[in-house]
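Dear colleague,

I am handing over the structure we spoke about, and below it you will find my notes on what was found. Please read them with the structure open beside you.

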Amino acid sequence: MAMSANTKKIVIVAVVALVLFFLITRPTESAEVVRSALGWLRDGAEAIVTFVRSLFS
């Protein structure tokens with residue numbers, strides 16, 4: 001599904017506005033969401049490192 005350039009800009013502006021709204025109105029909850037996402041990324045990176053180490057050991 002192809003989106004026109006104007007539609008893409010509108011979607012990006014809407015997403016940024018929604019993120020800013022939640023950052024301003026619920027900063028504690030927003031921080032917890034970011035903390036959780038970073039935890040998932042860290043866990044994923046550790047799993048990849050463990051996998052690669054097990055390949056070469």
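**Serine 30 and its surroundings**

Serine 30 has its place in helix 2, the element that takes in residues 27-55. Please bear in mind from the outset that this is a predicted model, and that the values below are to be read accordingly.

Is serine 30 buried or exposed? Its relative accessibility comes to 11%, and because buried means under 20% relative accessible area, serine 30 counts as buried. As for its partners, a polar atom of the serine 30 side chain lies 2.8 Å from the backbone oxygen of arginine 26. Once residues up to four places away in sequence are set aside, serine 30 touches Phe22 and Leu23.

**The protein as a whole**

The protein contains two helices and zero strands. Its radius of gyration is 18 Å, whereas the globule rule gives 10 Å for 57 residues, and since the former is well over the latter, the protein is more spread out than a compact globule. Along the principal axes, the C-alpha trace spans about 50 × 35 × 10 Å.

How much of the protein counts as buried? The share is 4% of the 57 residues, and serine 30, as described above, counts as buried. The area that the protein exposes is about 5,300 Å², of which carbon and sulfur atoms supply 73%. With regard to charge, there are 6 positive and 4 negative side chains, and the centres of these two sets lie 11 Å apart.

**Two further positions**

Glutamate 46 also has its place in helix 2, and with a relative accessibility of 45% this glutamate counts as partly exposed, as the value falls between the 20% limit for buried and the 50% limit for exposed. Between glutamate 46 and valine 33, which are 13 residues apart along the chain, the C-alpha atoms are separated by 20 Å.

Valine 11, for its part, is found in helix 1, which covers residues 5-25. Valine 11 has a relative accessible area of 39% and is likewise partly exposed. The C-alpha atoms of valine 11 and threonine 28 are separated by 25 Å, the two residues being 17 residues apart along the chain.

With best regards

Note on methods: Residues numbered from 1 in each chain as written. Predicted model: local features only at pLDDT ≥ 70, side-chain atom pairs only at ≥ 80, totals over all residues. Heavy atoms only, no water. Helix = DSSP H or I, 4+ residues; strand = E, 2+ residues; numbered from the N terminus. Buried < 20%, exposed > 50% of the residue type's maximum accessible area, 1.4 Å probe, protein only. Polar contact = N/O pair within 3.5 Å; in protein donor to acceptor, adjacent residues only side chain to side chain. Contact = heavy atoms within 4.5 Å. Rg over C-alpha atoms; globule rule 2.2 N^0.38 Å. Areas by Shrake-Rupley, 256 points an atom, 1.4 Å probe, with all protein chains shown as cover. Lys, Arg positive; Asp, Glu negative; His and termini not counted. Charge placed at Lys NZ, Arg CZ, Asp CG, Glu CD.
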